[in-house]
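Here are some exercises for practising how to read a protein model. Try each task yourself before you look at the solution.

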Amino acid sequence: MTEKPSSEGRAEGLTQGRKRTAGRPPRIAAEQIVDVARRIIQEEGVEAVSMRRVAKEVGATPMALYHHVRDKDELLLLTLRGMAATFPRPALPAAPRDRILTTAVHMHAILSEMSWVIDVLSLGDLTDKDALWMPEEIIDSAIACGLTPEQALHAYRTIWYVVYGALVFRRADARRAADPERRPFFPAFLTEEDAEALPRMSGLSGKWEEMKAGYDVAEQLGAVVDGLVGRR
């Protein structure tokens, strides 16, 4: 008959077991990796994301991350996944021109709520698959307005450039506003001597900020859409 180990012996065995497992890296989940990468982008920008940085913050080695994601691009792609689906789709009108405008305004509204996404999208070929209904809708509606598929694609890209540009400059305005000690250059550096060469810019310089505040993205997108497809 085998003698049972004493309580002291059992405690020693458990301690040894803990020692054997103490050096193992903690198990990490893909969701944890993505959450950390997303937070870094939100707080510091996409340039601050690296496999080494994310691994350190989740308490793992960079090699452990490669079991979940192939590289940084795939990690950034995962940060976008599901973001568009958190916003309900708008009710789309029947007229194709109006469908384009409604979709474009919705696109701008989504990205206004998640400005960090702009940093990832700026890389060019990364996007959220759930968001692809928007270019699909714009291109399809543009074709319904009489454009060729190629023209419809160009029209979508033009609309996207307007949406993207508006958001980039809005973020720049927010950064400047957050630093009240920063000396503004434009339009303050325009002088009376510039009025002859730049009469319109000089004439508007005193009201520049006031008029900029009245910029209506939906109204301007409407003008762009009309220029692209007309009121068909």
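The exercises below concern helix packing and aromatic rings in this predicted model.

**Exercise 1. Two packed helices**

Task: Work out how helix α6 and helix α8 are oriented to each other, and which residues make their contact.

Solution:
- Step 1. Two packed helices are described by the angle between their axes and the distance between the axes.
- Step 2. Helix α6 covers residues 96-113 and helix α8 covers residues 133-144; their axes are 8 Å apart and the packing angle is about 160 degrees.
- Step 3. Angles over 145 degrees count as roughly antiparallel, and α6 and α8 are therefore roughly antiparallel to each other.
- Step 4. Their crossing is left-handed.
- Step 5. On the α6 side, the contact includes Pro-96, Arg-99, Ile-100 and Met-107, and on the α8 side it includes Trp-133, Met-134, Glu-137 and Ile-138.
- Step 6. Sorted by class, this contact of α6 with α8 has 10 nonpolar, three polar and two charged residues.

**Exercise 2. Another helix pair**

Task: Describe the orientation of helix α2 and helix α5 and the make-up of their contact.

Solution:
- Step 1. For α2 (residues 30-44) and α5 (residues 72-80), the angle is about 85 degrees and the axes lie 9 Å apart.
- Step 2. Angles of 65 to 115 degrees count as roughly perpendicular, so α2 is roughly perpendicular to α5.
- Step 3. Ile-33, Val-34, Ala-37, Arg-38 and Ile-41 of α2 meet Leu-75, Leu-76, Leu-78 and Thr-79 of α5.
- Step 4. The residues of this contact divide into seven nonpolar, one polar and one charged.

**Exercise 3. Rings that pair**

Task: Find the geometry of the ring pair Trp-160 and Tyr-164, and decide whether each residue is buried or partly exposed.

Solution:
- Step 1. The structure holds three aromatic pairs.
- Step 2. In the pair of Trp-160 and Tyr-164, the centres are 5.6 Å apart and the planes are at 45 degrees, a tilted pair.
- Step 3. Both residues sit in helix α9 (residues 149-177), four residues apart, about one turn of the helix.
- Step 4. Trp-160 has a relative accessible area of 18%, so Trp-160 is buried.
- Step 5. Tyr-164 reaches 25% relative accessibility and therefore counts as partly exposed.

**Exercise 4. Around a cis bond**

Task: Classify the ring pair of Phe-186 and Phe-189, then look at the peptide bond between Phe-186 and Pro-187.

Solution:
- Step 1. The ring centres of Phe-186 and Phe-189 are 6.0 Å apart with planes at 70 degrees, so this pair is edge-to-face.
- Step 2. Ring pairs link Phe-186, Phe-189 and Trp-208 into a cluster.
- Step 3. Phe-186 is joined to Pro-187 by a cis peptide bond, with omega about 0 degrees.
- Step 4. Pro-187 lies in the loop between α9 and α10.

Methods. Residues numbered from 1 in each chain as written. Predicted model: local features only at pLDDT ≥ 70, side-chain atom pairs only at ≥ 80, totals over all residues. Heavy atoms only, no water. Axes fitted to C-alpha atoms, helices over the stretch in contact; angles between N-to-C directions. Parallel < 35°, antiparallel > 145°, perpendicular 65-115°, else oblique. Left-handed = near helix turned anticlockwise from the far one by under 90°. Contact = heavy atoms within 4.5 Å. Nonpolar A, V, L, I, M, F, W, Y, C, P; charged D, E, K, R; others polar. Phe/Tyr/Trp six-rings, centres within 6.5 Å; stacked < 30°, edge-to-face > 60°. Buried < 20%, exposed > 50% of the residue type's maximum accessible area, 1.4 Å probe, protein only.
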